[in-house]
Amino acid sequence: MSAIRFDSTKQYYATSSLVAGYALCSSLLAVINKFAITKFNYPGLLTALQYLTSALGVWVLGKFGFLHHDAFTWDTAKKFLPAAIVFYLAIFTNTNLLRHANVDTFIVFRSLTPLLVALADTTFRRQPCPSKLTFISLLIILGGAVGYVATDSAFTLTAYSWAFAYLVTITTEMVYIKHMVMNLGLNTWGFVLYNNFLSLMMAPIFWVLTGEYKEVFAALGANGGDWFEPVAFTAVSLSCLFGLLISFFGFAARKAISATAFTVTGVVNKFLTVVINVLIWDKHATPFGLVCLLFTLAGGVLYQQSVTGPPRESPASKQTGDIDENDADENQDKSVSGKHASV
């Protein structure tokens, strides 16, 4: 019995560490990307550099034996390609949203995803329906978001078009990639390698479709030296580094918790993002808008309280049949991680 309790506690803290790592990277990356895009106004190229850093970093570290990743095969790549496309679209719309809107607007639309992911999780992945408390917390998130949008003085059609595109793609990405994590059987670094390498291969297509390549070549011809200006270079470098870190912690956390809990984690950690944003920029929401934003994040905290609790022993769970959404996903995750070594 004590061995079971020890294993349960160990698993609980391991999962908590992964979630905390993802939360920290996610909260900082939004601000870092906003800063990078103001100094390096090429969203397609910025994301491509992030993919290159992540894919190349995993490959090089794997070659030197610092980590283990699944071997790259085209058969597996074909299976993962739809998820990579959705992921690329989510990051692409995210970067363009930050290009045209302030960080607060990004956070509010990011906060709407738990409600949509919970519904999609139930509909497409046959997860249990949210409890009443959980659903109320998700509605609080929605109410805070609506209040923010209604008072957003920086509203523009371009910014909100990208916001709605981001909302659709990030919701799809959260559910579909969770499905791939559960069924494809790669280890965490394998997912990072496949996801970023395939996304890098898609980057030229979007450069052509958006016409950004013309801006890039024009800038290279006019003032290419400015690209290595210390502030811009540092911002892009930090963006790439945190892109690699969030790739690892993101996939590791997806394997440890449910899609909706993972989504809400990405919302709750934005408390830190809000504080940093208010301190370093003057282009943020009005006081009432910030109240609505904090109201939205509070809904995320309430959600987290409604679906999580202290670690429980497996026998007791089986006797009572009390298995919530996170436990169901965790049991499935163990069957996957049991077949493949973790990092």
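**Figure 1. Half buried: the chain as a whole.** Buried residues account for 50% of the 343 residues in this chain, and the model you are looking at is a predicted one. As for secondary structure, you'll find 15 helices and 0 strands. The accessible surface adds up to about 16100 Å², and carbon and sulfur atoms hold 69% of that. Contacts are mostly a long-range affair here: take those with a separation of 6 or more, and 88% of them link residues 24 or more positions apart.

**Figure 2. A view into the largest cavity.** How many cavities of 30 Å³ or more does the chain hold? The count is 1. The largest cavity has about 500 Å³ of space in it. A total of 32 residues line the largest cavity, and those closest to its centre are L29, F87, I91, N94 and I246. Sorted by type, the lining has 16 nonpolar, 12 polar and 4 charged residues. Which helices supply at least two residues each to this lining? They are α1, α2 (43-63), α3 (74-100), α4 (103-111), α7 (157-184), α8 (188-210) and α10 (230-256).

**Figure 3. Helix α4, tucked inside.** This close-up stays with one of the helices that help line the largest cavity, α4 (103-111). Is α4 largely enclosed or largely open? Because 9 of the 9 residues of α4 are buried, the helix is largely enclosed by the rest of the structure. Going through them by name, the buried residues are V103, D104, T105, F106, I107, V108, F109, R110 and S111.

**Figure 4. Q11 and K34, two stops along helix α1.** Helix α1 covers residues 2-39, and Q11 sits in it. K34 has its place in α1 too. Buried or partly exposed: which word fits Q11? Q11 has a relative accessible area of 33%, so it is partly exposed. K34 has a relative accessibility of 13%, which is under the 20% cut-off, so K34 counts as buried. Each of these residues can be paired with a partner from far along the chain. For Q11 the partner is A256: they are 245 residues apart along the chain, yet 9.4 Å separates their C-alpha atoms. For K34 look to N102, which is 68 residues away in sequence and 8.1 Å away in space, C-alpha to C-alpha.

**Figure 5. A159 and its company in helix α7.** Zoom in on helix α7 and you'll come across A159. Why does A159 count as buried? Its relative accessibility is 1%, and buried means under 20%. What does A159 touch, once its neighbours within four places in sequence are left aside? The residues in contact with A159 are L97, H100 and A101. With H100, the C-alpha to C-alpha separation is 5.1 Å, although A159 and H100 lie 59 residues apart along the chain.

**Figure 6. Two buried cysteines, and a search for disulfides.** C25 has a relative accessibility of 5%, so C25 counts as buried. C240 gets the same label, buried, at 7% relative accessibility. A disulfide is a covalent bond joining the sulfur atoms of two cysteines. How many does a search of the whole structure find? The search turns up 0 disulfides.

Technical notes
Residues numbered from 1 in each chain as written. Predicted model: local features only at pLDDT ≥ 70, side-chain atom pairs only at ≥ 80, totals over all residues. Heavy atoms only, no water. Helix = DSSP H or I, 4+ residues; strand = E, 2+ residues; numbered from the N terminus. Buried < 20%, exposed > 50% of the residue type's maximum accessible area, 1.4 Å probe, protein only. Contact = heavy atoms within 4.5 Å. Areas by Shrake-Rupley, 256 points an atom, 1.4 Å probe, with all protein chains shown as cover. 1 Å grid on protein atoms, 1.4 Å probe; cavity = no way out; pocket = protein on both sides within 12 Å on 5 of 7 lines; lining within 4 Å. Points joined across faces, edges and corners; volume = space filled by probe spheres on them. Nonpolar A, V, L, I, M, F, W, Y, C, P; charged D, E, K, R; others polar. Disulfide = S-S within 2.5 Å.
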